Amino acid sequence: MSLLKTHSPTPYETDYLQWIETTVAKLQSQDYANVDWANLIEEIGDMGRSECKSLKSNLIVILLHLLKWQFPPEKRSGSWEGSIIEHRRRVQESLQDSPSLKPYLESIFSECYTQAVKQAKAETGLPVESFPVICPYHLAEVTEDDFLPA
């Protein structure tokens, strides 16, 4: 007769905040032998991926609302301008906290523009041909506080 091993949940699985607090306390007291290294390493990796996803999402929203602001201009909305301001602030804060994200932002700019065009098409009902194939804005403009296309 074989014995089945049962999995007893770890603090990481049962109480995430307590796991964080315990892990921090162990690190502060240099109790390295008892740190849950596997989950700590995974969490740190996830933090980096999360920062990148957030930056990408915010950039797409800025580009989307810049496009909706510009095409067609007679349908401009203050909520779009408000959204542009909010998401610019988020991008600027991310870059202030982690300047090493700037090359990543530059590398995803074209891809984000393509995604923004798809969404702008869907939200405005305009044909995709209404929007420039190449982004008409520079990254510096997109992240600058006062830029709005004519």
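Me: Helices are DSSP runs of H or I with at least four residues, and strands are runs of E with at least two, all numbered from the N terminus. How far apart are lysine 102 and glutamate 106 in helix H5?

Reply: They are 4 residues apart, about one turn of the helix. The model is predicted: local features need pLDDT of at least 70 and side-chain atom pairs count only at pLDDT 80 or more, while totals for chains, interfaces and linings use all residues. Residues are numbered from 1 along each chain as its sequence is written, and side-chain values use heavy atoms, leaving out hydrogens and water.

Me: What makes the contact between lysine 102 and glutamate 106 a salt bridge?

Reply: A salt bridge requires a side-chain nitrogen of Lys or Arg within 4 Å of a carboxyl oxygen of Asp or Glu. The N to O distance here is 3.6 Å, so the pair meets that limit.

Me: Why is lysine 102 called partly exposed?

Reply: Buried means under 20% relative accessible area, exposed over 50%, and partly exposed in between (1.4 Å probe, protein chains only). Lysine 102 has 41%, so it counts as partly exposed. Glutamate 106, at 43%, is also partly exposed. Elsewhere, salt bridges with shared partners join Glu86, Arg89, Arg90 and Glu93 into one network.

Me: Which salt bridge links helix H3 to helix H5?

Reply: Lysine 56 pairs with glutamate 111, with the closest N and O atoms 2.5 Å apart. Lysine 56 lies in helix H3 (residues 37–70) and glutamate 111 in helix H5, 55 residues apart, so distant parts of the chain are linked.

Me: How do you know that cysteine 112 is in no disulfide?

Reply: A disulfide is a pair of cysteine sulfur atoms within 2.5 Å. A search of the whole structure finds 0 disulfides. The cysteine sulfur nearest to that of cysteine 112 belongs to cysteine 135 and is 10 Å away. Cysteine 112 is buried, at 0% relative accessibility, and cysteine 135 is buried at 17%.

Me: What shows that the length of helix H4 agrees with its expected span?

Reply: The expected span is 1.5 Å times one less than the number of residues. For the 20 residues of H4 (residues 78–97) that gives 28 Å, and the end C-alpha atoms are 29 Å apart, which agrees.

Me: Where do the buried residues of H4 fall around its axis?

Reply: They include Trp80, His87 and Leu95. The arc is taken over directions from the helix axis to the C-beta atoms. The buried residues fall within 130°, so they line one face.
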